[in-house]
Amino acid sequence: MNAAIRAVARSADAAGVEPVGVRSGFAGLIDNDLEPLDARAVSGILHTGGTVLGTGRSPLFRTTEGRQSAIKHLDLAEVDGLVVIGGDGSLRGADALSREGRIKVVGVPGTIDNDLSGTDFTLGFDTAVNTALESIDRLRDTAASHGRLFFIEVMGRASGWISLYCGLAGGATHVLVPEYPTDIPRVREHVQTAFAMGKTFCLVVVAEGDDAGSAYEVAERVAERLDDIDYRVATLGHVQRGGRPSMRDRVLGSQLGDAAVRALLDGADRVMVGEHCGRVERTPLSRAWTEQDPIPEELMGLMDRLAR
Ligand code: F6P
């Protein structure tokens with residue numbers, strides 16, 4: 001997100017537009033927590049995780065009264081265009097602001113879940129998967145040494161992209177994603193076959209929002225008929241949300257932050273900028289919550305074919 005903030009501030013500056021930062025997300029708009037954000041103010045943030053502006057969920061912003069207060073502060077500060085970086089909730093909020101006031105809004109897809117349509121990848125996804133993989137590689141070492149079965153829970157309350165990519169890149173035997181119903185006997189059979197075929201250890205990656213429950217619940221159910229297999233569970237949790245952003249995220253954030261400013265300069269409103277097949281594109285903001293790119297069956301198939 002910091003790469004995107006930096007790009008927005010610097011691209012605006014380069015275009016002769018005065019950038020202003022909003023602290024703490026929509027809550028900061030309601031509290032009038034704005035600050036000048038010139039090119040120098042965003043120095044030294046490109047390589048840092050999180051967001052230097054802060055963020056937060058704002059129940060008040062869900063009310064008309066809260067949004068009217070935000071609009072009033074934007075008007076007082078003579079802000080003409082707003083770049084909102086976030087997931088579908090943030091983009092919905094941005095849409096409402098634009099409809100209820102005179103401000104033009106452009107969204108930048110920022111969520112580790114990669115669950116927004118209109119971009120191949122969302123900001124943070126690559127870093128989150130790489131961070132999870134570091135842990136998965138370590139777990140694989142201990143799994144291999146002890147000949148164990150590991151169930152590893154990764155983030156994704158409603159989306160299995162992190163799980164799928166961790167499974168593919170981490171050499172898992174099986175991945176569980178919320179988008180496909182989980183068949184516990186099938187997972188068990190898969191693990192048994194893998195061991196029977198000579199695998200000495202197995203990794204099963206579980207998205208936190210899987211329909212069969214948490215990694216602990218899945219593990220208990222899978223292992224209840226696997227008497228001779230020693231298993232352990234690891235939940236990676238919020239470590240996936242922090243840390244140094246990957247090269248891909250820094251470049252994507254830079255491209256999308258810049259594209260958001262250009263969209264506003266072109267007079268665009270209620271669009272999201274994203275990257276599709278290497279090209280930066282604009283899509284209607286509402287696509288972010290009305291459409292969701294499905295987890296590709298081909299990648300689930302690839303997972304199956306390679307897990308042996
Ligand atoms: O939406 C991104 C996400 O990281 C989900 O994958 C996860 O379930 C959720 O946020 C965690 O949110 P919180 O930090 O509020 O627990």
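**Stop 1: α6 and α11**

Select α6 (residues 161-170) and α11 (297-306), and look at how they cross: the crossing is left-handed, a label used when the near helix is turned anticlockwise from the far one by less than a right angle, with right-handed for clockwise. The two helices pack at an angle of about 35°, with their axes 10 Å apart. An axis here is a line fitted to C-alpha atoms, for helices over the stretch in contact, and angles run from 0 to 180 degrees between N-to-C directions. The names come from DSSP runs: helices are H or I with at least four residues, strands are E with at least two, and both are numbered from the N terminus.

You are looking at a predicted model, where local features need pLDDT of at least 70 and side-chain atom pairs count only at pLDDT 80 or more, while totals for chains, interfaces and linings use all residues. Residues are numbered from 1 along each chain as its sequence is written, and side-chain values use heavy atoms, with hydrogens and water left out.

Now show the side chains. Which residues of α6 and α11 make the contact? On α6, pick Leu 164, Tyr 165, Gly 167 and Leu 168; on α11, pick Leu 299, Met 300, Leu 302 and Met 303. Contact means heavy atoms within 4.5 Å. This set divides into seven nonpolar, one polar and no charged. For that sorting, Ala, Val, Leu, Ile, Met, Phe, Trp, Tyr, Cys and Pro count as nonpolar, Asp, Glu, Lys and Arg as charged, and the others, Gly among them, as polar.

**Stop 2: α7**

Next, select α7, residues 184-196. Its 13 residues should span 18 Å at 1.5 Å a residue, and the end C-alpha atoms are indeed 18 Å apart. (The expected span is 1.5 Å times one less than the number of residues.)

Color Ile 184, Val 187, Arg 188, His 190, Val 191, Ala 194 and Phe 195, which are buried. Buried means under 20% relative accessible area, exposed over 50%, and partly exposed in between, using a 1.4 Å probe and protein chains only. Turn the view to look down the axis of α7: the buried residues fall within an arc of 160°, so they line one face of the helix. That arc is taken from the directions from the helix axis to the C-beta atoms. On the face turned away from the buried side, find the exposed residues Glu 189 and Ala 196.

What covers the buried residues of α7? The cover includes β5 (149-154), β6 (174-176), β7 (202-207), α8 (215-223) and α11, so α11 from the previous stop turns up again.

Step on to Met 197, in the loop between α7 and β7. Met 197 counts as exposed, at 52% relative accessibility. Select Arg 308 as well: the two are 111 residues apart in sequence, yet 7.6 Å apart in space, C-alpha to C-alpha. Gly 198, which follows α7, has a positive phi near 110°.

**Stop 3: α1 and α9**

Now go to α1 (residues 2-14) and α9 (residues 247-265), which pack at an angle of about 40°, with axes 7 Å apart. Here α1 passes α9 in a right-handed crossing. From α1, show Ala 3, Ala 4, Ala 7, Val 8, Ser 11 and Ala 12; they meet Asp 249, Arg 250, Gly 253, Ser 254, Gly 257, Asp 258 and Val 261 in α9. This contact divides into six nonpolar, four polar and three charged.

Stay with α9 for a moment. Among its buried residues are Leu 252, Leu 256, Ala 260 and Leu 264. The buried residues of α9 pack against α1, β3 (81-86), β4 (104-109), α5 (125-146), β9 (271-276) and β10 (279-284). Just after α9, Gly 267 takes a positive phi of about 85°. Back at α1, the cover over the buried residues includes β3 and α9, and Gly 16 follows the helix with a positive phi near 80°.

**Stop 4: three loops**

Most residues other than glycine have a negative phi. Select Asn 32, whose phi is positive, near 60°. Asn 32 sits in the loop between α2 (25-30) and β2 (34-36) and is partly exposed, at 40%.

Glu 78 has a positive phi too, about 55°, and lies in the loop between α3 (64-76) and β3. Is Glu 78 buried or exposed? Glu 78 counts as exposed, at 64% relative accessibility.

Finish at Gly 101, in the loop between α4 (88-100) and β4. Gly 101 is partly exposed, at 28%, and its C-alpha is 9.4 Å from that of Leu 74, 27 residues apart in sequence.
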